[in-house]
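Subject: Structure handover

Hello,

Here is the structure you asked for. Please open it first; my notes on what I found follow below.

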Amino acid sequence: MKRFLIPVLSVLVLLIGGVGTAEAGRTRPGTLVTGSAPSAALGEDIHYTAYLPDGYASGTDRYPVLYLLHGRGDTMAAWTTVKSTLDDLIQAEKIPPLIAILPDAPWSDRGSWYVDSQYQSGKAVETALTDDLVQNVDATYRTAPIRQARLVGGYSMGGAGALRIALAHPDLFSAAIVLSPAVYTPLPPADSSARDYGAYGVGDQLFDDQRYQELNYPALLARTSPDLPVQLFIAVGDDEWANPDPADARHDLDFESEALYNAARRAPGVSAQMRILDGGHDWSVWAPAFAQAIQYLGPTLSTVPPQPLPTPLLGTAGTDWAGGIASAGGDAYTVGFAASASVDGQAYHGKLDAVVTRPGTWTTEFGTAADERLYGVVAQPDGGVLVAGYTKGDLDGQHAGNAADDAFVASLDASGTVRWITQFGAAGVADRAYGLAASPDGGAYVTGYTKGALDGANAGDKDTFLAGVSPSGQLQWVRQLGGTAEDKAFAVTAGTSDVYVTGTAGSPLPGATGLGGYDGFVARYTDSGTLSWVKAVGGSGDDRLDGVTVSGGYAVATGTANGDLIAVSFSSNGSERWTTTVDSGAADGGVAVVARSDGGVDLVGYTRGRVTVAAGGADVLRVRLSAKGAVLAKSQFGSPRDEVVDAFAEPNLFAAAAPDGRVLVAGLTFASSSSGDVFATFAP
């Protein structure tokens, strides 16, 4: 049996039963040990206490690392008070097992503020911790040497240090626990000990105004970037010491902490939480605040990096929007998007053009001087594609003078040549196509909304529509469905003899029972456009269904209900078979659904939470369900910035099946542009 040797100076605490041998039902304790790291920046060792979780000695796993900085005048022993909290939360699986490093900071008479001092006897403490200590810990323990696996925390002076280190070194740390931070803006009050120890000194001056402001958080927040996002958990007591000078009330730590929170949450790439607890500048606040903070931030730690967004991206230097994706066999696919400039040397027509491309093979750009948007790409048997969307101009040459949104469907052959375009809508009002599906005869079904009357009178505001288009582009029929409020259809799919439409309804649709707010809905039509039934889906809030397919003979729709991703399956007679939700604790939504050969489905959507490993912002989410709605697998990928969702909270994402069972995904990303680009990939 291989014996584990702890590479440290001494064991401080060996709890009863030893590592991993606690009685059943009782917390399995971790172990506290001490160690040291040589520091070139200091010219001496950094001493520390390390918390090693239960199972560390006998395992091979790698762990995230929590660095905890003590306050002025304290020692590394101060943070050992949270050992039982870590033990209990790890045992309860509320946080992942982790290593905690508690460095001792004796420099500048224990008033270093964890910065690089330029005072005549000062030390480069920040450099020592972020370079020498981090490297030594990664070399000594089984850590994961990535930013997603590192969290720094502290109280009082240590809270200021944790804030400084996280914001100044986002390449090393992804988050910070900031408790009663001794931070002051624009300068510390006259009686602050931040002025007394040389931390912010220069030369023979103990304190230098300019040096302090260079190192303080306002200067750091001005340099933050969404490409390296940082999470802050800030907490303070409501009974912090009150400065007796009214002129310095602004510097009371409860006031300063709120000012920090309000500044941080407005900085690009920084997200912040704020808590005010009952108590003063002591462990009556810091102990419960730490427990809250580590439960909030601990689950975001990961020992593996996130799945990145694929490159290269599609689009232009201006605004671009995803418009659909379809398989072209093997690794090839056809992508549609809206572009605000010429793409691949094609003629640009103005504002947003419709672009359809088979990367590496051909690109077709078409449009008018007005806007065109695409909302669907469907493969045809001859290698061509159908696309759909809306135009504000005369796209088909039959609508001179048009200035309102009209729906359109277009057919392109296998080389990208436009075969035909069919444009339709009620005169003078908005009509938009948001969903497209191939019909069994080679034509198309298209769905969306109209503010006019395409089939009888408008029921009020926007009504949904479903239209049938022949293989040669003739509009065969249109069916309109709506209530008294705003209704939109977002997706359509065709079975062998039926058609399903999904969307959102602001008031109960005919034949459906309202649930409250905007309801998601599923409507079944026959293949000739006769309405069979309508079902409302969701809860008492605003809900929507954005995607639908037929798998195993049953309809499966996905969308958002009560802020969670939802998937629901219906039989052809309208009976609900199952409902499945995915809740990451943050905003989640399903946008597209792809049928699988086994009767299950792949849902593609977005999450602002952590389903596997979060990349940052809103990530692309994929969930595989069985034929009975059981969750089989989940994954997420993205960039540090937002994917899928836009400024209007509208999802911009499309998915399609590849012949080999893979799932194609195309969507909006802000990874490299604040105006948006398009990604296309096979989902991991």
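The largest nonpolar core holds 63 residues, and Ile101 and Tyr141 touch the most other members. Helix α4 (residues 157-168) gives the most to this core: seven residues. A second, separate core has 31 residues, including Met76, Leu86, Ala100 and Phe233. In general, nonpolar side chains in soluble globular proteins tend to be buried together.

Keep in mind that this is a predicted model.

What does Ile101 contact, apart from neighbours within four places in sequence? On one side of the sequence there are Tyr48, Thr49, Ala50, Val65, Leu66, Tyr67 and Leu68. On the other there are Leu133, Val137 and Tyr141.

Two of those partners, Leu133 and Val137, bring us to helix α3 (residues 125-140). Helix α3 bends by about 30° at Leu133. Both Leu133 and Val137 are among the buried residues of α3. The others are Val125, Glu126, Ala128, Leu129, Thr130, Asp132, Val134, Asn136 and Asp138. Note the acidic names in there: Glu126, Asp132 and Asp138 are buried.

Now the overall numbers. The protein has eight helices and 38 strands. Its C-alpha trace spans about 85 × 55 × 45 Å along the principal axes. Of the 684 residues, 57% are buried. Take the contacts with a separation of 6 or more: 57% of them are between residues 24 or more positions apart. The exposed area is about 25800 Å², and carbon and sulfur atoms supply 50% of that. On charge, there are 44 positive and 74 negative side chains. The centres of the two sets lie 6 Å apart.

Next, the backbone points to check before you set anything up.

Cis peptide bonds:
- Thr185 and Pro186 are joined by a cis peptide bond, with omega at about -5°. Pro186 sits in the loop between β8 (175-179) and β9 (202-203).
- Thr311 and Pro312 are joined by a cis peptide bond too, with omega at about 5°. Pro312 sits in the loop between α8 (283-297) and β12 (320-327).

Positive phi outside glycine:
- Asp109 has phi near 55°. Asp109 belongs to helix α2 (residues 107-110).
- Tyr114 has phi near 60°. Tyr114 belongs to the loop between α2 and β6 (118-119).

Are these two residues buried or exposed? Asp109 counts as exposed because its relative accessible area is 67%, and the cut-off for exposed is over 50%. Tyr114 is at 0% relative accessibility, so Tyr114 counts as buried; the limit there is under 20%.

One last loop residue. Where is Ser470? Ser470 lies in the loop between β22 (463-469) and β23 (475-481). Its relative accessibility is 7%, so Ser470 counts as buried. Beyond its neighbours within four places in sequence, Ser470 is in contact with Trp420, Gly443 and Gln476. Of these, Gln476 falls within the residue range of β23.

That is the full set of notes. Send questions back by reply.

Best wishes

Key
Residues numbered from 1 in each chain as written. Predicted model: local features only at pLDDT ≥ 70, side-chain atom pairs only at ≥ 80, totals over all residues. Heavy atoms only, no water. Helix = DSSP H or I, 4+ residues; strand = E, 2+ residues; numbered from the N terminus. Buried < 20%, exposed > 50% of the residue type's maximum accessible area, 1.4 Å probe, protein only. Contact = heavy atoms within 4.5 Å. Areas by Shrake-Rupley, 256 points an atom, 1.4 Å probe, with all protein chains shown as cover. Lys, Arg positive; Asp, Glu negative; His and termini not counted. Charge placed at Lys NZ, Arg CZ, Asp CG, Glu CD. Bend = angle between axes of the 7 residues up to and from the residue. Core = buried A, V, L, I, M, F, W, Y, C linked by side-chain atoms within 4.5 Å.
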